[in-house]
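Let us walk through how the parts of this assembly meet, moving from a boundary inside one chain to the contacts between chains.

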Amino acid sequence: MDSEAGREEAALLNRLRTRLADFEKDRANLLSILRMIQETFSYIPEEAIYMAADHLDLAPSEVYGVATFYNQFKFNPPGKYPIKVCLGTACHVKGGDIILENFERKLDIREGETTPDRDFSLERVACVGCCALAPVALVGEAVHGHMAPSKVEGLFTRIQVEKEMAEREKRRHESAR
Amino acid sequence: MSPPDKRSRSAAYLALQETALQEQEEHAETGGPVIHIGLATCGIAAGALETRHAFEQVLAERKIPARIHPVGCLGHCYAEPVVIIDHPDSGFPPIFYHEVTPGKAKMLARLFLEEGDPRFEHVYGAMKPNDLIPSVMEFSRFSREHRVVMEKCGRIDPGDLNEYIAEGGYRALDAVLRMDPGQVIETVTASGLRGRGGAGFPTGLKWERARTAFGDKLVICNADEGDPGAYMDRAIIESDPHQVLEGLAICAHAAGAGEGGIYIRSEYPLAVRIITRAVEQARQAGLLGKNILGSGIDLEVTVFQGSGAFVCGEETGLIQSMEGRRGMPRHRPPYPVSRGFQGRPTVINNVKTLAYLPLILQRGAEWFRSLGTEHSPGTAVFSVVGDVVHPGLVEIPMGVTLRTLIFDICGGIPKHKGFKAVQIGGPSGGCLPESFLDIPIDFDSLTEAGAMMGSGGLVVMDEATCVVNVSRYFLDFTQKESCGKCTFCRIGARHLLDILTRITCGNGRDGDLEQLERLSRDIKQGSLCGLGRTAPNPILTSLAYFREEYETHVQDGRCPGMMCRPLTAFYIDLEKCARGCDACATCCPTDAVFTTSTRKKGIDLDTCVKCGECVTACPPEYDAVRRVSPAHLAPVVERPAEPVESAADKPENREAP
Amino acid sequence: MSRISFQVNDRKISAPEGMSLLGACLNADIHIPHLCYMEGMTEPPASCRLCFVEIEGRREPVTACTLPVRSDLKVRTDTPAVRRLQRTALRLLLSVHHVDCKHCIANYKCELQRTARFLGIGLKPKHLDHYSKEPEVDDTHPHLIHRPNRCVLCGRCIHICESRHGRAYIAMARRGFDTVLTFYGSTDAIDLPAPDCTACIDVCPVGALESKHGE
């Protein structure tokens, strides 16, 4: 599995070289380039920082310094189910931190971390703009409003069921082939 | 709206207008019911996509000749997903339905669209006055608002340029392009428009400075809305993007810029998609790009995505970030209007500021001045959230009081609780008590009170809120978002946060409040940029108006709002607890609830995380869970050594293996 | 270039047009505490927030490094408001500074020591908690040792590196309170200007940078 992921990443890095060529060698493109890298890999691999620095003729430390300034750029691969807990003002007033804690306890990781099996990653975000539904949590892109500790439990059950269904589907496909 | 005067329009505009009006006519001729669905981010979060899917399904299945019309955000977040059904043949006016689930959607399609029964029990109100259904205009949430900048939000399809043009869109730009830039600036100056980004700087003056500056100019729309509780800029872009683009083009012409940019948060993926598409549409229609509307004037607009740094909402930070650097603000002057992006004169305006422009140029400076107050003309858009019955986006004329906004328009505090405070302007704003409810809302009154118009985030807090805790929340935010460049903000904000944290944990020390005050004052004066200079506002205002609450925390370890978890404890009132009931025990995420020897429930204070789930779970007829502060007031109930068999453990309740 | 004269603390001084007030005062031997400013900077970062002065007609103290000299300036460098801001700024810096002068290479030439003496405050501020960063020592660079708990993040090293070599081999990473200097990517000794160039070590006001090869 790991080597498969490694091969995939190597292929992506190869492709990155050609995609970088689409960007003019202008420093003002640095953030667009970093965004492109983040979208390609779901995080910023070390190798990509060197490639971006090389392309724009900047020191790698400079690129690293810029990338680490912005919240959107991650330096570790995220989980298969990235969980984001909104801690905007409305969510805070309605107990968003309690929801975050419940996820932390349930997954046994802290915010900003990924579970060892890389299934889940957990982070806090500042306002996703659904204040009337506070407190809010996101699994992937799906917004879950009016969260409560018991709903955290429910979310995992649902993910588990979905996962099992997907696996069953996959097995059926395989056996059909 | 006055009938279009053909002489004052350019040939290119008239052609666009004709196409747009033709499309409208075609729709009108086809007839049939129209289903308007709010599909902005907040609607989607509440399930509007599923609702639309349900409508699509049932329309196809039953061959109902109705048209689904995707619109943006009406601002009534409490009612999402919102659907307005316009079914002229039924004899009813357009009807506003709230919280339309897929099930409700299918039911309405069958019963209202097919059979003409609007299902009165689900109707929220009619969109027009009539004899059959009460109009929404009779509700103060609708009638006391005054929509100007959000006029078209939730009424038009943000993805359809023709709808905007049919409403008179880009007419102002067409006129402006044939005006002298100085004349445009004159009108904007005469209107008294002040920047809606927070500080309220006169827009006309900013443009004048840019116009007289030397160099290749640039205009930027600042859509890096970062206040964790304000989302009107997002809503406007998602609902009416062309109005913002038209404003940007007007600004560009006035300032003499041939290049424009939109700096938008990437945390708003839908808004990014919508504005990018709008730019493309406008370019194809000749409203942007080369030779706009045949005027010989060029404007290229690009969309730039922010990457998650609140401080980039500060204009010099924004420029740094566009240049591919760390978004650290720099000293002003020089202001961006004289030296901005890559050294070029750069005009940066907020989304709302730009969106007002087409209206001001079309209706005149006098019209704008007739709204609001003398020094703050126009309207203000607030996102009202927190403990309020009807949260959402509200647009009101400047000068309306906070009381009207909170109690009359937004329905007041839910659950019969009392009002405690209102936090205005997000992390740079302040926390105002009841005695300020009657001050008029405008730039200067709010600043005088120690708050700020800021981004327009407004959080209403009921009596069960702790202002110390809320101040800590905001400091936590600014501290995390500080760029780290200057000493006061980088280190000072951290000290403020730590003092507040220890106060909310019951470890406050003598002298902490004085220290907070001293540090806050110095950080306010000594910081480099607006973020640091306003970061202490939540503390300074709450200390001024709620000092005794801070003192109670420090001296008695008590949180009157019962919000600071380390200072509170839950216990179960054994008088009220029902024997054998397991509601609280089954929902407790940490198994802190145990069964006592009398088969009632107790809470193990060591394992309890104080999430309050047991309070929600306890059936209202028992209402047995209590919360107290300070924590030591909770009576201690020992957990029995041998667990007593609870109802869930009984063999007959267990699932068969 | 024409010279401009103006008043500082009852004294008349003059400076070339376009110079910053801080530069002008320092040239005239009027000491104003500062850490991030370096002579010849066109756009000083104004990040250390020490060089406050009071200008007649202005409500609040302003930083002298960002103010170009003008003939109508009436400047005071020692008012209570100025001193208060300077002392708070220095105390904040000291609250994250590992005070261990005896073992520090900058002992006796340290700007923090000098400024503390000038402002009359101790090196271990009362009333403020002390914070330390991890790790104490960053030795990932082939030639340099960096001590984050000494660093005041003035940015002088980055500025000098960039002006000497066209690009900075040192950068700031992360954000806010967690901001640190980084040598990211500087592992290949051959490509680096150090150890021949010691500019960054020389300009450091506090001894946060040290050579691995001794002095």
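Between domain 1 of chain B and domain 2 of chain B there are 3 residue pairs in polar contact, both partners being at pLDDT 80 or more. Helix H2(B) gives the largest share of the domain 1 side of this boundary, with 3 residues. Sorted by class, that side has 6 nonpolar and 3 polar residues, and no charged ones. The count of salt bridges across the boundary is 0. Please keep in mind that the model is predicted.

The contact itself takes 9 residues from domain 1 of chain B and 7 residues from domain 2 of chain B. Together the two domains bury about 560 Å², 52% of it on carbon and sulfur atoms. On the domain 1 side, B:Thr41, B:His69 and B:Cys73 lose the most area to domain 2 of chain B, and the three together make up 52% of what that side buries. Taken over C-alpha atoms, the centres of these two domains are 34 Å apart.

These two belong to a longer list, as the assignment divides chain B into domain 1 (31–138), domain 2 (161–369), domain 3 (379–465), domain 4 (468–556) and domain 5 (568–653). Chain A is assigned domain 1 (2–69) and domain 2 (81–176), with 29 Å between their centres over C-alpha atoms.

One residue of chain B deserves a short stop. Is B:Met179 buried or exposed? B:Met179 is partly exposed, because its relative accessibility is 21%, and buried would mean under 20%. B:Met179 sits in the loop that joins helix H7 (171–177) to helix H8 (181–191) of chain B. Leaving aside residues up to four places away in sequence, B:Met179 touches B:Val184, B:Thr187, B:His253 and B:Leu361. B:Met150 is 29 residues from B:Met179 along the chain, and their C-alpha atoms are 26 Å apart.

Now to the contacts that chain A makes with chains B and C. The size of an interface is often given as the accessible area lost when the parts come together. The table sets out the buried areas.

| Interface | Buried area | Share on carbon and sulfur atoms |
|---|---|---|
| Chain B and chain A | about 3,600 Å² | 57% |
| Chain C and chain A | about 1,100 Å² | 53% |

The contact between chains B and A involves 53 residues from chain B and 40 residues from chain A. In chain B, the residues that lose the most area to chain A are B:Ser307, B:Tyr473 and B:Arg565, together 16% of what that side buries. B:Arg565 also forms a salt bridge with A:Asp97, with the closest N and O atoms 3.2 Å apart. Across this interface there are 3 salt bridges and 19 residue pairs in polar contact, both at pLDDT 80 or more. Several elements of chain B supply at least two residues each to the side that touches chain A, including helix H13 (315–322) and strand E10 (379–386). Helix H18(B) provides the largest share, 7 residues. By class, the chain B side has 25 nonpolar, 14 polar and 14 charged residues.

Chain C contributes 13 residues to its contact with chain A, which contributes 15 residues. C:Arg167, C:Arg175 and C:Tyr184 lose the most area on the chain C side, together 57% of what that side buries. How many salt bridges cross the interface of chain C and chain A? The rule finds 1, and C:Arg167 and A:Asp57 meet in a salt bridge at 3.2 Å, N to O. Strand E7 (residues 171–173) of chain C gives the most to the side touching chain A, with 3 residues. That side divides into 8 nonpolar, 2 polar and 3 charged residues.

Methods: Residues numbered from 1 in each chain as written. Chains lettered and ligands numbered in written order. Predicted model: local features only at pLDDT ≥ 70, side-chain atom pairs only at ≥ 80, totals over all residues. Heavy atoms only, no water. Contact = heavy atoms within 4.5 Å. Buried area = accessible area lost by both parts, 1.4 Å probe. Salt bridge = Lys/Arg side-chain N within 4 Å of Asp/Glu carboxyl O. Helix = DSSP H or I, 4+ residues; strand = E, 2+ residues; numbered from the N terminus. Nonpolar A, V, L, I, M, F, W, Y, C, P; charged D, E, K, R; others polar. Buried < 20%, exposed > 50% of the residue type's maximum accessible area, 1.4 Å probe, protein only. Domains from an automatic or database assignment. Polar contact = N/O pair within 3.5 Å; in protein donor to acceptor, adjacent residues only side chain to side chain.
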